[in-house]
Amino acid sequence: MTESSLKQNRVVYFDLLRIAAIYAVVVIHIVSQLWYEAGVTSFDWIVSTAYNSASRWAAPVFVMISGALFLSRDKIDYKVFYRKNVLRLAVALVFWSAVYALARFLLDDHSVKALIMNFAIGEYHIWFIKMMLGVYIALPIIKKLSEDERVLRFTIAVIFTVSSVFSQAVTFLPISEENAEKVFGDFTDVLSFSVYIGYFLLGYYFSKTDIKKNIRVMLYACGAASVVIIFAVTAFMSASRNEVYKLFIEYENIFVAISACAVFVFAKYSKLPEKLSDSKKNTIFKLSKYTFGAYLVHVGVLIVLDKFAALNVNSYTPLLSVPLNSLLVLLISMLASLVLNKIPIVKKYIV
């Protein structure tokens with residue numbers, strides 16, 4: 001397939017979602033520079049929590065786009081899929097884990113033990129590659145679940161009902177989040193992975209299902225309300241416990257899922273793609289191509305700016321530093337991704 005025909009077959013709202021989502025991811029990671037350090041009742045922490053709450057949809061939407069793309073195929077050649085898509089993710093995982101581990105070794109901890117541990121664990125954003133690798137490996141099973149609409153709906157309902165009930169129940173337990181993770185560790189890991197399968201299925205479901213306008217309006221309202229709830233509960237519980245309370249910002253939380261669904265559906269029914277000229281669609285297509293590489297390198301950009309330019313979220317008020325620093329980091333990351341995509345072997349396996 002030529003590049004011109006590929007562009008014609010692309011879904012423009014997927015490209016727009018990718019660009020919006022990578023910016024939201026950078027916002028989340030900019031916020032993390034102060035989120036665990038500032039006092040939970042301070043103005044800076046409240047502002048950063050607001051930005052954080054409004055951006056939690058980003059990672060789920062990336063997964064939903066992948067689900068919509070892969071599950072919409074009538075037939076998948078799994079040999080080609082594993083050789084191309086899974087191998088690419090596996091190579092990227094090893095390569096970027098090594099890059100960030102070496103960077104930490106040179107800049108922070110010079111011990112060999114730390115180097116090995118950082119490589120094994122990966123930088124904090126590498127979790128996404130590990131998760132998607134697991135989802136891709138499970139694709140034959142997920143594809144079967146998606147082929148019958150009743151099974152599809154039932155699977156989605158079960159995954160998010162169990163996740164919602166569990167996460168809300170843990171909220172009211174008289175134990176800390178750390179102890180809750182110890183008690184429910186294995187179950188939480190299984191539940192967490194199943195939720196991403198749920199997002200994968202949701203993306204396919206919403207991409208192929210026509211949703212009536214009144215339902216869409218209700219979903220948008222629920223999405224906005226969910227962001228408010230995420231913010232309010234996180235702020236209230238953190239202040240009550242005098243420590244950062246994370247349960248409502250986790251991707252397994254039902255309110256995060258609702259906000260992600262609202263963003264996805266809003267993009268699907270947006271009139272913007274229809275108003276765009278071919279040249280603008282071509283620009284969006286090109287920008288979208290560089291989002292995966294930008295995701296992989298943006299944490300490195302954050303580290304470099306912080307270490308060598310003393311530029312971070314604390315450089316000035318978070319009201320401005322979060323959106324503006326995020327934009328700067330994204331621009332640098334997209335440029336880096338563009339350069340890396342010019343190198344054939346890097347483009348094929350690394351970004």
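In this predicted model, the buried residues of helix α17 pack against four other helices, namely α2 (12-35), α3 (43-55), α15 (278-289) and α16 (291-309). Helix α17 itself covers residues 318-340, a run of 23 residues, and spans 31 Å between its first and last C-alpha, which is close to the 33 Å expected at 1.5 Å a residue. The residues of α17 that are buried are P318, S321, V322, N325, S326, V329, L330, S333, M334 and S337.

Two of the helices that α17 packs against, α15 and α16, are also among those that each supply at least two residues to the lining of the largest pocket. The other helices that contribute at this level are α1 (3-9), α2, α4 (58-71), α5 (78-107), α7 (127-137) and α18 (344-349). The largest share of the lining comes from α5, with 8 residues. The pocket holds about 1,700 Å³ of space, and 41 residues line it, of which R10, R18, K84, N85 and R88 lie nearest its centre. By residue class, the lining of this pocket divides into 22 nonpolar, 6 polar and 13 charged residues.

Helix α12 (213-241) and the loop that joins it to α13 (254-269) hold several of the individual residues described next. T234, which is found in α12, is buried, with a relative accessible area of 0%. The side chain of T234 reaches the backbone oxygen of I230 at 2.6 Å. Leaving aside residues up to four places away in sequence, T234 touches W35, W45, T49, I229, Y245, F248 and I249.

I229, one of the residues touched by T234, also lies in helix α12. Its relative accessible area is 30%, so I229 counts as partly exposed. With residues up to four places away in sequence again not counted, I229 touches T234, F248 and F255; F248 is thus listed among the contacts of T234 and among those of I229. Between I229 and D109, which are 120 residues apart in sequence, the distance in space is 39 Å from C-alpha to C-alpha.

In the loop between α12 and α13 lies N253, which is buried, with a relative accessible area of 1%. The side chain of N253 reaches the backbone nitrogen of F255 at 2.9 Å, and F255 is also one of the residues that I229 touches.

N242 occupies the loop between α12 and α13 as well, and its phi is near 60°, a positive value in a residue other than glycine. A310, found in the loop between α16 and α17, likewise has a positive phi, of about 55°, although it is not a glycine. N242 is exposed, with a relative accessible area of 64%, and A310 is exposed too, at 56%.

The relative accessible areas of the residues discussed one by one are set out below.

| Residue | Relative accessible area | Class |
|---|---|---|
| T234 | 0% | buried |
| N253 | 1% | buried |
| I229 | 30% | partly exposed |
| A310 | 56% | exposed |
| N242 | 64% | exposed |

The cut-offs behind these classes are under 20% for buried and over 50% for exposed, with partly exposed in between. The 30% of I229 therefore places this residue in the partly exposed class.

Note on methods. Residues numbered from 1 in each chain as written. Predicted model: local features only at pLDDT ≥ 70, side-chain atom pairs only at ≥ 80, totals over all residues. Heavy atoms only, no water. Expected span 1.5 Å × (residues − 1). Buried < 20%, exposed > 50% of the residue type's maximum accessible area, 1.4 Å probe, protein only. Contact = heavy atoms within 4.5 Å. 1 Å grid on protein atoms, 1.4 Å probe; cavity = no way out; pocket = protein on both sides within 12 Å on 5 of 7 lines; lining within 4 Å. Points joined across faces, edges and corners; volume = space filled by probe spheres on them. Nonpolar A, V, L, I, M, F, W, Y, C, P; charged D, E, K, R; others polar. Polar contact = N/O pair within 3.5 Å; in protein donor to acceptor, adjacent residues only side chain to side chain.
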